[in-house]
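Here are some notes for a first reading of this structure. Please keep the sequence and the 3D view side by side as you go through the points.

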Amino acid sequence: MTLNLAPLPWYNLQINVVNESSQAVPAYVYIVNGFPQNLYVTGPQTLSKPQGVYHVRVTPQNQNLISRSYAFWLGSDSTFTFTLPTGNVVFSEDFEGGLGNWTAGGTGGAFRQDVDTTSLNYGICVHTNGPDYLENYGNNWDATFTYNNTINLTGGNAFHLRFDYSGRLDIPADSFFVDASVNGNDWEIVRGFSEMERPWNRVWCDLSPWSGNSAVHIRFRLKTDALLGDLGIHFDNVEVMRGVDLTSPQHPSPFPTEFALSKVYPNPFNPTTTIAYDAPGSGPIQFSIHNILGQMVWSTTETVPSPGRYELRWNGVSNGGAQLTSGVYFVRMSAKGNIVGTRKLMLLK
Ligand SMILES: [Ca+2]
Ligand SMILES: [Ca+2]
């Protein structure tokens, strides 16, 4: 058996971070596909990256701006411009007035108010029994700390939750989460943290996927396994900010769940057009181009490696190498024995 290990294609990925006036603004860009990369950018940043699934989180240096994040499939040279809109605070909690708005639950230890000598503020930590916050959490905990009321995430499409956080967790299995729920029962992870040592630092969580809901529940959660413990987590100064972002790539993330012939551009075209399509998994996909009489003039089979959005180019030449005449053509996409879609093309000379 022979294994042919072809290298993944690499592409240019340009990331721009601007404010609502389209001016470049300084920001931290976290980008991950397997290995994370942290960048501090002050202008357009072009990276060379292999094909694959990526997640980008853009965190503003200016605390009045809303952070943005986006997940995508990199399958061609791409440019993403993130507009960080000016935000306003729609929820804040510094715990200086006590824990009356919160309920500690779940299993294992409890979250409690504590004076943290580093932040010089009342914050929240997770503990077992004793008075000293410098004690290890236990095994097999699933401790929750839930806001008793709800947060209104309407009036915008860009929301983030941010808070100050320090922690020492036994990694990788012990994790701290921010969760959200639209009904108070079914929770989804907004962001998870699993870090051996984190000094007090502000962190951002993208709540935009929950935008449009007028009553969103939030909670913090520490989940641990049976092996080892560590000093746990502290957090304080929780804020939710709202903004309106009409230009950044938007959630939901664009990983396709079905085959689709999404668009043909330019159209009309001369001499080359691009056929964009979605594939929900790996495997061969057939494309054929037919003239107005229904005769097939060109065909190809594309084999895609994984779910994603792909592109195919056609230069108006038949499989026999003949330059085709101006007129109307049709492109057909087929997969797994079914016709996925057909689009009309106009070749102009
Ligand atoms: Ca506080
Ligand atoms: Ca553990």
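1. A good place to begin is the hairpin formed by β21 and β22, in which four residues lie between the two strands and G294, in the turn, has a positive phi of about 90°. Please bear in mind throughout that this is a predicted model.

2. Strand β21 covers residues 283-291 and strand β22 covers residues 296-304, and the two run antiparallel, joined by eight bridges. To find one of these pairings in the 3D view, look for G283, whose bridge partner in β22 is V304.

3. Which other strand pairs with β21? The partner is β24, made of residues 327-335, and the pairing is again in the antiparallel sense, over six bridges. Here I289 may serve as a landmark, since its bridge partner in β24 is V331.

4. After β22 the chain enters a loop that leads to β23 (308-314), and S306 lies in this loop. Is S306 buried or partly exposed? S306 counts as partly exposed because 15 other C-beta atoms lie within 10 Å, whereas a buried residue would need 20 or more and an exposed one would have 12 or fewer.

5. For a view of the wider protein, the domain assignment gives domain 1 (10-85), domain 2 (89-243) and domain 3 (260-347). Between the C-alpha centres of domain 1 and domain 3 the separation is 31 Å. As for single residues, S306 and N136 are 170 residues apart in sequence, and their C-alpha atoms lie 43 Å apart in space.

Key:
Residues are numbered from 1 along each chain as its sequence is written. Chains are lettered from A and ligands numbered from 1 in the order in which they are written. This is a predicted model: local features need pLDDT of at least 70, side-chain atom pairs count only at pLDDT 80 or more; totals for chains, interfaces and linings use all residues. Domain bounds come from an automatic or database domain assignment. Two strands pair if DSSP finds at least two bridges between them.
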